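I opened the model to check a handful of residues, the ligand site and the domain layout. My notes follow in the order I looked things up.

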Amino acid sequence: MAKRITIIGTGYVGLVAAVGLSDFGNYVTAVDRREEIVESLSQRKPTIYEHGLEEYLVRNVEAGRLFFTTKVEQAVRDAEVVILAVGTPIDSTGHTDLSQVKEAALSVRENLDAYKVIVTKSTVPIGTNRWIEKTLLETKPADLFSVVSNPEFLREGRAIQDFFHPDRIVIGCEGERARKIMEEVYRPLYLIQTPFVWCNLETAELIKYASNAFLSTKITYINQIANLCEAVGADIHVIARSMGMDGRISPKFLHPGPGYGGSCLPKDTRELVNTGERYGVEMSLVRTVEEANERQKSRVVDKLKALVELKGKKVAVLGLAYKSETDDVRDSPAIAVVSRLLSEGAEVHAHDPKAMDRFREVFPSIHYHDSEFAAARDADLLLILTEWNEYRNIDLQKVRSTMRGDLLFDVRNVLEAESARTLGFRYFGTGR
Ligand code: UGA
């Protein structure tokens with residue numbers, strides 16, 4: 001039977017879950033305290049760029065299954081299932097800021113007037129769901145609620161596809177009543193035999209951190225092997241492909257580049273290190289991964305500096321998002337690279353198909369251009385930092401003819417090295 005679900009938070013996770021769960025036939029109300037967000041979403045206008053999102057937003061709002069509101073009290077009271085999907089950023093001291101989770105938990109408690117399942121989708125430090133349970137118990141009886149941990153594994157840019165075809169659904173849930181309700185919430189995925197992992201709260205919380213830290217480790221590993229390739233004259237792509245043929249390794253997440261970024265991997269590796277410290281358990285591998293990833297970002301400009309004096313140079317930067325198919329620039333390697341370029345005295349001319357508005361909030365005064373060719377005009381050197389398809393197919397001859405210099409840094413290896421060299425570029429990729 002369809003459920004009445006309230007989702008607190010309309011960021012990536014909250015909004016994608018809202019359109020997805022309403023598309024499953026549930027009645028979903030998504031809450032955000034920012035009126036402009038609620039207004040825009042109610043008018044069926046997505047507030048983030050995510051492939052396919054708009055279609056699902058329009059469809060479910062029109063079908064009368066999806067609503068947006070700023071009024072958390074009523075939305076919580078009306079729901080059988082309340083999903084917490086608020087942000088859990090890292091604060092300036094390097095710790096997870098749980099203030100939004102705590103605030104949401106308290107407003108749930110205030111409005112807990114009948115049995116509800118409280119589901120945490122935000123990525124939260126180990127023990128947070130136990131804290132929510134304890135907090136609710138301070139003023140409410142145990143039979144009025146169940147706390148469930150249901151971490152998300154969505155990738156930005158593919159979030160819709162990931163939502164409807166997940167590799168697994170992880171549910172930390174310790175009672176039969178809540179389990180039955182969660183089965184109903186995800187009924188369509190149950191029917192297509194998606195693997196469901198049922199476990200306790202701590203296990204569910206840790207699965208998320210363990211997965212993201214593992215992905216970070218895999219990327220860092222291939223980045224270091226790529227760096228070694230440059231030193232010894234080997235080709236990272238042949239190596240990654242061959243490694244990936246071993247089913248135990250798998251070919252995914254073996255693409256070298258400027259280091260991983262985004263709102264998840266950096267923050268989750270950090271929190272896992274914190275968790276290790278809190279419990280007195282060594283997390284030295286993950287800590288090393290974090291440090292190596294910072295060095296990988298610096299390495300881009302270190303390599304440039306070894307070839308050219310950057311002061312006074314005009315540098316074209318193509319790609320500002322932390323990866324393609326998103327307008328997100330949070331912890332994007334481009335932030336580290338651009339800030340180093342500026343401190344070296346270079347003049348930065350940037351282009352990105354989707355992320356320029358968000359990047360402008362971080363760097364208001366670099367030069368932004370509507371096309372890659374405009375960014376490259378009279379540039380002394382060109383850097384590609386994000387693997388957008390339009391850069392893979394870029395008219396290199398045209399780029400070459402507009403540039404003043406001949407240096408091309410293809411940090412994501414999106415181009416054919418040989419064709420670039422034939423056109424007269426001094427071409428440098430990563431690990432080849
Ligand atoms: C990541 C996880 O992949 C999701 O499963 C998880 O749900 C999400 O975090 C989250 O915690 O919410 P996401 O941040 O969207 O997803 O991005 P990824 O596709 O994982 O890429 C992260 C970073 O690694 C990007 O900067 C990307 O360019 C980089 N990367 C990825 C590489 O440099 N090489 C690779 O081979 C793969």
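**Lys134**

I started with Lys134, which sits in helix H6, residues 128-139. The model is predicted, and I read every entry here with that in mind. Lys134 has a relative accessibility of 55%. The cut-off for exposed is over 50%, so Lys134 counts as exposed. I then looked up its spacing to Val147. The two residues are 13 apart along the chain, and their C-alpha atoms are separated by 9.9 Å.

**Gln161**

Next I went to helix H7, residues 159-164, where I found Gln161. Its relative accessibility is 45%, so I logged Gln161 as partly exposed. I also checked Gln161 against Leu53. In sequence they are 108 residues apart; C-alpha to C-alpha, they are 9.8 Å apart in space.

**Domains**

I looked up the domain assignment for the protein chain. It gives domain 1 as 4-199 and domain 2 as 224-428. Taken over C-alpha atoms, the centres of domain 1 and domain 2 are 33 Å apart. Domain 1 puts 16 residues into the contact, and domain 2 puts in 18 residues.

**Ligand site**

Where does the ligand lie with respect to domain 1 and domain 2? I checked which domains give residues to its shell. Both domain 1 and domain 2 do, so the ligand lies between them.

I then listed the shell. There are 20 residues around the ligand, and those that come nearest are Leu154, Glu156, Lys208, His255 and Arg412. By type, I noted 10 nonpolar, 3 polar and 7 charged residues in the shell.

I went through backbone atoms next to the ligand oxygens. A polar backbone atom of Glu156 is 2.7 Å from a ligand oxygen. For Tyr322, the distance from a polar backbone atom to an oxygen atom of the ligand is 2.9 Å. For Leu254, a backbone N or O atom lies 3.4 Å from a ligand oxygen. On its own the ligand has 710 Å² of accessible area, and the protein covers 91% of that.

Which elements give two or more residues to the shell around the ligand? I found helix H10 (201-232) and helix H12 (265-279). H10 supplies the largest share, with 4 residues.

**Ile222**

H10 was worth a second visit. Ile222 lies in this helix. Its relative accessible area is 0%, so I recorded Ile222 as buried. Leaving out residues up to four places away in sequence, Ile222 touches Ile236, Ala240, Met243, Leu254, His255 and Pro256. His255 also appears among the residues that come nearest to the ligand, and Leu254 has the backbone atom 3.4 Å from a ligand oxygen. I took the C-alpha distance from Ile222 to His255 as well: 6.9 Å, with their positions 33 residues apart in sequence.

**Glu290**

I moved on to helix H13, residues 284-307, which holds Glu290. Is Glu290 buried or exposed? Buried means under 20% relative accessible area, and Glu290 is at 15%, so it counts as buried. I then looked for a partner for this side chain. The side chain of Glu290 makes a polar contact with the side chain of Arg270, at 2.8 Å. Setting aside neighbours within four places in sequence, I listed the contacts of Glu290 as Tyr260, Pro266, Thr269, Arg270 and Val273.

**Positive phi: Asp331 and Asn413**

Last, I checked backbone angles. Most residues other than glycine have a negative phi. I noted two residues that have a positive one.

Asp331 is not a glycine, yet its phi is positive, about 50°. I placed Asp331 in the loop between strand E9 (314-318) and helix H14 (333-343). Its relative accessible area is 41%, so Asp331 is partly exposed.

Asn413 is not a glycine either, and its phi is positive at about 55°. I found Asn413 in the loop between strand E13 (407-410) and helix H19 (417-422). What is the relative accessible area of Asn413? I read 6%, so Asn413 is buried.

Key: Residues are numbered from 1 along each chain as its sequence is written. This is a predicted model: local features need pLDDT of at least 70, side-chain atom pairs count only at pLDDT 80 or more; totals for chains, interfaces and linings use all residues. Side-chain values use heavy atoms; hydrogens and water are left out. Buried means under 20% relative accessible area, exposed over 50%, partly exposed in between (1.4 Å probe, protein chains only). A polar contact is a pair of N or O atoms within 3.5 Å; within protein, one must be able to donate a hydrogen and the other to accept it, and residues adjacent in sequence count only if both atoms are side-chain atoms. Contact means heavy atoms within 4.5 Å. A residue is near a molecule or strand if one of its heavy atoms lies within 4 Å of it. Accessible areas come from the Shrake-Rupley method with a 1.4 Å probe; for residues, only the protein chains shown count as cover. Ala, Val, Leu, Ile, Met, Phe, Trp, Tyr, Cys and Pro count as nonpolar, Asp, Glu, Lys and Arg as charged, and the others, Gly among them, as polar. Domain bounds come from an automatic or database domain assignment.
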